[in-house]
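Reader: Hello! I have a model open on my screen and would love some help reading one small part of it closely. Could you walk me through it?

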Amino acid sequence: MTNFILRRLIGSGFSAYLVGGCVRDTLLKRPVTDWDIATSANPEEVERLFDKTVKTGERFGTITVIHDGVPVEVTTYRRDGIYRDNRHPESVAFGASLDEDLQRRDLTINAMAMTESGEIIDPIGGLRDLEFGVIRAVGDPETRFAEDALRMFRAFRFKAQLGFTIERGTRQAILKHTHTAGAISPERIAAELTKTLMSDNPGVVWEVVDAGLLAGYVPKWRTKSDAPFPQTHVASEEPINGRPIATPTDVLSTLPQSHNLRWGVFCVLLGDATIAQKLRLPAKTQKIGFAAVQIAQAGFPQTRAGIKCLLAIHPPDAVKSAAAVGGTSQSVDEILQSGECYKIEHLAISGRDLLDAGIPEGPELGKALQKLLEHVIDHPEENEKAKLLRMLNG
């Protein structure tokens with residue numbers, strides 16, 4: 001698929017290489033989800049060469065080529081102009097070499113190129129850092145992060161996804177430039193945090209918090225002694241602001257890779273769900289976060305009946321999020337899998353049955369159903385129509 005695009009570009013007199021994340025993931029034998037090609041062809045020439053294209057970033061030299069239903073971003077070699085907003089260059093200049101194009105990228109492990117035959121071009125040392133598991137900025141790290149603040153979040157995200165270590169100079173530059181994170185849109189921050197939370201090392205999200213990258217989104221970070229909920233903490237390989245990072249990884253890393261569940265637990269551990277709203281997460285995720293924090297702060301019930309009462313009024317993922325922090329999530333799963341009644345609609349008797357039994361329509365009917373539900377929550381074996389009718393008449 002990508003070879004077809006490379007061959008057409010090269011056969012038309014241009015140079016072209018696979019670049020960035022697809023090269024990194026190929027070398028790591030990880031699934032490749034995004035394909036990128038860098039070429040000497042300008043955007044207009046790319047459009048002329050391929051039948052199906054989309055102008056996804058023409059200003060920055062990017063044309064997406066659709067081949068066999070797969071999108072491939074094809075970008076002209078470029079030099080970036082001055083960055084004034086900590087996110088985007090004010091201008092770009094085409095006509096750069098491949099080496100110049102790689103030098104403008106964020107991290108060394110993302111600054112390698114691959115030929116059609118599989119030869120690796122690595123002018124910056126990405127292969128070495130890939131071998132030793134190091135996250136390192138390309139060139140001067142302070143320059144890289146001053147150019148684009150999102151790169152700081154990406155450094156932590158790749159640490160979480162790959163299990164790598166952030167190089168000392170790169171980490172120090174992040175700490176120096178955290179104040180520029182305000183230049184990033186909430187949606188882009190949410191995307192990076194979600195990838196971090198959904199990784200095999202979700203506890204890295206606490207390094208993001210501790211570094212100060214989420215100032216304005218989360219309450220002031222609490223130390224181990226005054227955290228709202230007791231956790232098992234582990235220290236990262238580098239101290240932040242002179243002290244080991246408190247990272248309650250045990251909870252997050254043992255959860256299924258569920259978007260709503262991991263975000264719900266993150267909110268509970270923060271003791272505040274407003275981050276979900278501020279980052280404009282999906283409405284369902286926001287609801288789960290707020291409900292989970294409310295449940296946890298009220299004190300998670302220790303009885304099966306109490307858990308069923310929560311399930312009656314809150315989304316299951318909210319209850320499971322609060323339970324995960326309290327160490328009782330197994331009980332919630334058991335209830336959900338048991339098929340036990342915890343909502344009126346689970347009752348073996350319906351409103352029509354009650355009307356037929358002489359209960360008048362209106363508030364009295366609702367009270368009768370609620371009374372039956374409360375009884376069945378305490379006595380699940382009683383959820384049979386005949387037994388409930390006898391109880392009603394008794």
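In which helix is the place of Ala-292? Please take a close look at that residue, and then at what lies around it.

Author: Happy to help! Please keep in mind that this is a predicted model. Ala-292 has its place in helix H14, a helix made up of residues 283-298. Is Ala-292 buried or exposed? Its relative accessibility is 0%, and because buried means under 20%, Ala-292 counts as buried.

Now for the neighbours. Setting aside residues within four places in sequence, Ala-292 is in contact with Gly-264, Val-268, Ala-318, Ser-321 and Ala-322. Val-319 is worth finding too: it lies 27 residues from Ala-292 in sequence, yet the two C-alpha atoms are 6.1 Å apart in space.

Several of these names lead us to helix H16, which covers residues 316-326. H14 and H16 pack with their axes 8 Å apart, at an angle of about 45°. That angle falls outside the ranges for roughly parallel (under 35 degrees) and roughly perpendicular (65 to 115), and the two helices are therefore oblique to each other. As for handedness, H14 passes H16 in a right-handed crossing. On the H14 side, the contact is made by Ile-288, Ala-291, Ala-292, Ile-295 and Ala-296. H16 brings Asp-317, Ala-318, Val-319, Ser-321 and Ala-322. Sorted by class, this contact has eight nonpolar residues, one polar and one charged.

Another helix pair makes a useful companion to this one. Helix H7 (residues 150-162) packs with helix H9 (residues 186-197) at an angle of about 15°, again with axes 8 Å apart. H7 and H9 are therefore roughly parallel to each other, and their crossing is left-handed. H7 contributes Leu-150, Phe-153, Arg-154, Arg-157, Ala-160 and Gln-161 to the contact, while H9 contributes Arg-188, Ile-189, Glu-192, Lys-195 and Thr-196. By class, the contact of H7 with H9 has four nonpolar, two polar and five charged residues.

If you then turn to the strands, you will find an open sheet of seven, in the order E3-E4-E5-E2-E1-E8-E9, with mixed pairing. Its edge strands are E3 (53-57) and E9 (120-121), each pairing on one side only. Within the sheet, E1 (residues 16-19) and E2 (residues 35-39) pair in the antiparallel sense over three bridges. There, Tyr-17 stands opposite Ala-38 in E2.

Definitions and conventions
Residues numbered from 1 in each chain as written. Predicted model: local features only at pLDDT ≥ 70, side-chain atom pairs only at ≥ 80, totals over all residues. Heavy atoms only, no water. Pairing = 2+ DSSP bridges. Helix = DSSP H or I, 4+ residues; strand = E, 2+ residues; numbered from the N terminus. Axes fitted to C-alpha atoms, helices over the stretch in contact; angles between N-to-C directions. Parallel < 35°, antiparallel > 145°, perpendicular 65-115°, else oblique. Left-handed = near helix turned anticlockwise from the far one by under 90°. Contact = heavy atoms within 4.5 Å. Nonpolar A, V, L, I, M, F, W, Y, C, P; charged D, E, K, R; others polar. Buried < 20%, exposed > 50% of the residue type's maximum accessible area, 1.4 Å probe, protein only.
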